[in-house]
Amino acid sequence: MKFLKRIKLFPDEALESYFIRCAHSNGFQKISLFLQSLSAFISLRDKELKGALSASLSRLNLHKAHNSSAYRVRAIKLLEEFCDLQPSCLLRVAVLRTNRHFGSYVALARSNVLFPNIMLREHVIPVCPLCLQERNYIRFIWHLKPIQRCPKHQVKLIFNCPECGNDINYIQSENIELCSCGYDFRQIKPSEKTEESMSASLFESSENADKLSLEFGKYLWFSKHSGVELDDDYFLPKFNRYFSNWPDNYLSYLKTQESKAIEKQTSRFNQISVNDIWCEQLQNTRLVTTNRVNNLVLDQLANYFIDLVNRYPKCQHANIADTLINQVDSALLLRTSVEQVFRLLEDGYLKVKFGVPTEAIYKPHIPIFYLREVIELTQAQGSNTSMFEHMISAW
Ligand SMILES: [Zn+2]
Ligand SMILES: [Zn+2]
């Protein structure tokens, strides 16, 4: 089977947008009917694929499939054949679930670019009227919360229909350029160009996948660190301003926390945790990237702690470099796994703070090591730079 009318897929197009255009150009106004007939054809070809394709556009993408995502991949491959597309074309524009994480957020992937699931818009999917005038399809990046302006035309994306005021969402209205009230978004005169944001060229080349994944991780970290919501109107200008002073602003934040802790010290430093002073900074570095390398925030934080240990050498009384750190955070500094940190403990490379009950050793979130000793070990093992993903171990 082939469609009577076959249409081109744009590399930056959202999968749902392509299905809407395909349905409309083949005479289906209701997308659910189109998806049902596709489903029927697909299951005729391969019985296992019965029900693999959702009949609802909002559940069509691959990250929305529950148990049958492997079958859905097979169904999508058949569709590529029906649509006369190059192999893997549709898969490349689909959003896939991965087994990787940005901190506690699942990483999704599209065209090898990783981004945290929390970054996807749910209710509103804004449009750029100028893009629609040029080509009538939905660009995937409009699905991402931090994108408030069109990277190509530098104008504010439109979130609400100027006629009826409703949120714009082409998946709900099953129409790319028309609101459900009939208004054509291509008529909108966009606001004046404003300085932006994210370089359009980053999106245009598939070679930039790693760079973009890292950029999205930095967005997530920045949002958590600075309290600026991912969908803030000025997210990208604020982000760019922050990173134009990087790393001075971050180091000065860390030093401010340090001074406050020294000023307000209520108990001895060897009784309090690193997180009491620097507020989960180590855990937050996990938001930056899905792997242990290329983490610019962790690099700065590790260097800061090395400097701290140098500035506050060991002396008779505990000082701020003698605060306590848990196994999970130690693993981050040592660029290794919690299991390996436990082995370092068993093998005597790391010492537990005096008086820690044995059961605490099995609870990786309880601070049991001295920051100083963990830092000294990172230096001894050469694991204080992002070049090392695993420890150079003595065993
Ligand atoms: Zn545009
Ligand atoms: Zn409307």
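Student: What makes C150 and H153 count as buried?

Tutor: Both C150 and H153 are buried, so each falls under 20% relative accessible area (over 50% would be exposed, in between partly exposed; 1.4 Å probe, protein chains only). Before we go on: this is a predicted model, where local features need pLDDT of at least 70 and side-chain atom pairs count only at pLDDT 80 or more, while totals for chains, interfaces and linings use all residues. Residues are numbered from 1 along each chain as written, chains are lettered from A and ligands numbered from 1 in the order written, and side-chain values use heavy atoms, leaving out hydrogens and water.

Student: How do you know which residues coordinate the zinc ion (ligand 1)?

Tutor: By distance: C128 (SG), C131 (SG), C150 (SG) and H153 (ND1) sit at 2.1 to 2.3 Å, and donors are N, O and S atoms within 2.8 Å of the metal (3.2 Å for Na, K and Ca; with no water among the atoms, sites may look incomplete). Along the sequence, the spacing of these donor residues reads C-x2-C-x18-C-x2-H.

Student: Why is the arrangement around the zinc ion (ligand 1) called tetrahedral?

Tutor: Its 4 donor atoms subtend angles of 106 to 113 degrees, and four donors count as tetrahedral if all angles lie between 85 and 135 degrees. So tetrahedral it is.

Student: What makes the site of the zinc ion (ligand 2) tetrahedral?

Tutor: The angles among its 4 donor atoms run from 105 to 116 degrees, so it passes too. The donors here are C161 (SG), C164 (SG), C179 (SG) and C181 (SG), 2.2 to 2.3 Å away, with the spacing C-x2-C-x14-C-x1-C. C161, in the loop between helix 5 (129-134) and helix 6 (170-173), and C179, in the loop between helix 6 and helix 7 (200-204), are 18 residues apart. Both C161 and C179 are buried.

Student: Why are helix 8 and helix 9 called roughly perpendicular?

Tutor: Helix 8 (residues 209-226) and helix 9 (residues 235-244) pack at about 90 degrees, axes 11 Å apart. Roughly perpendicular covers 65 to 115 degrees, so the label fits. Among the residues making the contact are W221 and F222 of helix 8 and F239 and Y242 of helix 9.

Student: And what is the angle between helix 1 and helix 2?

Tutor: Helix 1 (residues 15-25) and helix 2 (residues 31-45) meet at about 90 degrees, with axes 10 Å apart, which makes helix 1 roughly perpendicular to helix 2. Their contact involves F19, I20, C22, A23 and H24 of helix 1 and I31, F34, L35 and L38 of helix 2.

Notes: Axes are lines fitted to C-alpha atoms, for helices over the stretch in contact, and angles run from 0 to 180 degrees between N-to-C directions. Helices (H or I, at least four residues) and strands (E, at least two) are DSSP runs, numbered from the N terminus. Angles under 35 degrees count as roughly parallel, over 145 as roughly antiparallel, 65 to 115 as roughly perpendicular and the rest as oblique. Contact means heavy atoms within 4.5 Å. Four donors count as tetrahedral if all angles lie between 85 and 135 degrees; four count as square planar and six as octahedral if opposite donors are over 155 degrees apart and all others between 65 and 115; anything else is irregular.
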